[in-house]
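Student: Could we go through this structure together, one piece at a time? I would like to see the reasoning behind each answer.

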Amino acid sequence: MTATPTPSASPAPSGSRPDLTALLHAAVAAVGGTERPGQVAMAEAVAEAVDGTSHLLVQAGTGTGKSLGYLVPALAHGERVVVATATLALQRQLVERDLPRTVEALHPLLRRRPEFAMLKGRSNYLCLHRLHEGVPQEEEDGLFDPFESAAPTSKLGKDLLRLRDWSDETETGDRDDLTPGVSDRAWSQVSVTSRECLSASKCAYGAECFAEAARERAKLADVVVTNHALLAIDAIEGAPVLPQHEVLIVDEAHELVSRVTGVATGELTPGRVNQAVRRAAKLVDEKVADALQTAAESFERLMELALPGRLEEIPEDLGYALVSLRDAARTVVSALGTTRDKSVQDEDAVRKQALAAVENVHAVAERIVAGSEYDVVWYERHDRYGASLRVAPLSVSGLLREKLFSERSVVLTSATLKLGGDFNGVGASLGLAPEGVTGEDLPEWKGVDVGSPFDYPKQGILYVARHLSQPGREGGRADMLDELTELIQAAGGRTLGLFSSMRAAQAAAEALRGRLDTPILLQGEDTLGELIKNFAADPETCLFGTLSLWQGVDVPGPSCQLVVMDRVPFPRPDDPLMSARQRAVEQAGGNGFMSVAATHAALLMAQGAGRLVRATGDRGVVAVLDPRLATARYGSFLRSSLPDFWYTTDRNQVRRSLAAIDAAAKAENR
């Protein structure tokens, strides 16, 4: 949905603009923070970039106060700003805490009150049409009312009744404003994707639509807070969903490439194809529906035999199946646009949902059949969901360079952008040439590291267990489990265990629960929020999990004084997309291992190590139970990507240090 955006407030003439230092001071005081030298340096660098319409990569360590470091100069600039973040937690912090207080503090100095708004993808908002008219059903009984069919005493029934009550009181319709939340299954009954939406002009509830209201608020706002996924959709799909803006700030920018890749990835599964057949069957001629059904059955038979791995070339039988799917889906799409059937209740909604499903099948089949050299195609097999056929871009760097860095100033910030000592690795993944290299089509950019307020060499130790055996492809690693047991005992619990796979996390939790009296929480055994809350509440507790935990844990204080990584988190050798990207770099004359695998590992390790020191009083150890960090040639690259902790491979020294940190924490709590 697009419309001409309302112009933002005009900036004050540069000569009369308040001093940036005064603005930052007022904002920091308003949020109850402490001004940091790094924050001041960041604000100055951001102001220089946005005023000069240039691009900036800025690394700001934990505790710098980076959100104010970019919000204050962006608000002072006066043009519309889009802030894109990766996590819900940061979006909430910006909209509920930082922006309201900052705007209030800057209002007297700026002599204007900037407006701000949150904008997400359509499926994040309650759909009143779905709520009141029900979900178009694939079976023969036409319209399905989930509120009638779900037993009121069931979990689904209770969730749906609560959603109906909430719809009368919510002002936003935003799923994240519903507390406590509901299951994905319940939410899917009351939400639509952008492709399923009837559009405001055709919907009986268009005037009251929550998603449309959010877009209208965004058009009037000076600052629009959104997520990486919506930013990616805005860039990739060509139909703008974000209002026109002059400044883009990407926070948690280390996540951007993977989020954009996710949005640009297509997937076909027998389940989704069959769903598309069912949705279309009641609306088109039987012969047309049968052709799609036949193609779907051929595809399903092939997928039953699919073995996981990359498809360098599309096998002949799969090629035939995909061409049949593509052609049959195209015919169905045409038929859906020309036939009407008044016997179908709520026909427009049923038709829109069917179109969305069939168009997706057509688009993905067409993309794979086209066989672009810039795409990677592979089979995946999931224990629960079966086989899927996936296609993803070999690289998103060209897309990002073209779509992100033209016609606006872009600031990308994170605590981890400088890998191996410079910004060029992350810059390359974003489509940027090495810093300082200029050319006609090359965006100019600068990298700035404003440091951290923490004294890492005094607050933390990086311990590498050099004496352990190297991790192999198959689990086991009895010596690693022995080492982990001794470290946790020395630390008195207080351990966040970060594992390279769920299987490794489960095996470690099972083994150590039999050896230690210390409670061990495991990812997946409760919601992440509950696990983190319980981990923070009891210093003797340990929390084990996978890579997905590495950004979600913010536990300052004595509950997290030992962060353990079981191994260097290189991509799996059989990861089709990563291995294809690595090979492409090698074929272009580069070092594929360092550019792809080592950079990937460095980013994850930097994020993991960042869990340790979250406040000025924190003390602890990051222990890496993989000797390659000390012995391999790439070890120095990985270590230089981590915070500047005091480094040791002495196992006795680290046990004494952990015991001393544990004793100090217990003494403080007495």
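Student: How many bridges join strand 8 to strand 11?
Tutor: Happy to start there, and keep in mind that this is a predicted model. Strand 11 covers residues 386–393 and runs antiparallel to strand 8. One of the bridge pairs is Glu-267 with Arg-390 of strand 11. The number of bridges joining the two strands is three.

Student: Which strands stand at the edges of that sheet?
Tutor: The sheet is open, with four strands in the order 8-11-10-9 and antiparallel pairing. An edge strand has a single partner, so one side of it is left without a neighbour in the sheet. That description fits strand 8 (266–268) and strand 9 (309–310).

Student: Does the length of helix 26 make sense, and what distance separates its end C-alpha atoms?
Tutor: Good thing to check! Helix 26 has 19 residues, 651–669, and at 1.5 Å a residue they should span 27 Å. The model agrees with this, because the end C-alpha atoms are 27 Å apart.

Student: Over what arc do the buried residues of helix 26 spread around the axis?
Tutor: Those buried residues are Val-654, Arg-655, Ser-657, Leu-658, Ile-661, Asp-662 and Ala-665. They lie on the same side of helix 26, because the arc they cover is only 165 degrees.

Student: What helps to cover those buried residues of helix 26?
Tutor: Both strands and a helix take part. The cover includes helix 19 (478–491), strand 18 (562–565), strand 19 (620–624) and strand 14 (460–464).

Student: At the start of helix 26, which residue's backbone nitrogen does a side-chain oxygen of Asp-650 reach?
Tutor: Look at the side chain of Asp-650, at the start of the helix. One of its oxygens comes to within 3.0 Å of a backbone nitrogen, that of Asn-652.

Student: Is Thr-541 buried or exposed?
Tutor: Thr-541 sits in the loop between helix 21 (528–537) and strand 17 (542–545). Beyond its neighbours within four places in sequence, its contacts include Arg-494, Pro-519 and Phe-535. Its relative accessibility is 4%, and the cut-off is under 20%, so Thr-541 counts as buried.

Student: And which side chain makes a polar contact with the side chain of Thr-541?
Tutor: The contact has a distance of 2.8 Å. The partner side chain belongs to Asp-538.

Student: Last one: how many disulfides does the structure hold?
Tutor: A disulfide needs sulfur atoms within 2.5 Å. The structure holds zero disulfides. For Cys-127, the nearest cysteine sulfur is that of Cys-203, 6.0 Å away, and for Cys-197 it is that of Cys-209, 6.1 Å away. The count of disulfides is therefore zero.

Notes. Residues are numbered from 1 along each chain as its sequence is written. This is a predicted model: local features need pLDDT of at least 70, side-chain atom pairs count only at pLDDT 80 or more; totals for chains, interfaces and linings use all residues. Side-chain values use heavy atoms; hydrogens and water are left out. The expected span of a helix is 1.5 Å times one less than its number of residues. Buried means under 20% relative accessible area, exposed over 50%, partly exposed in between (1.4 Å probe, protein chains only). The arc is that of the directions from the helix axis to the C-beta atoms. Contact means heavy atoms within 4.5 Å. A polar contact is a pair of N or O atoms within 3.5 Å; within protein, one must be able to donate a hydrogen and the other to accept it, and residues adjacent in sequence count only if both atoms are side-chain atoms. Two strands pair if DSSP finds at least two bridges between them.
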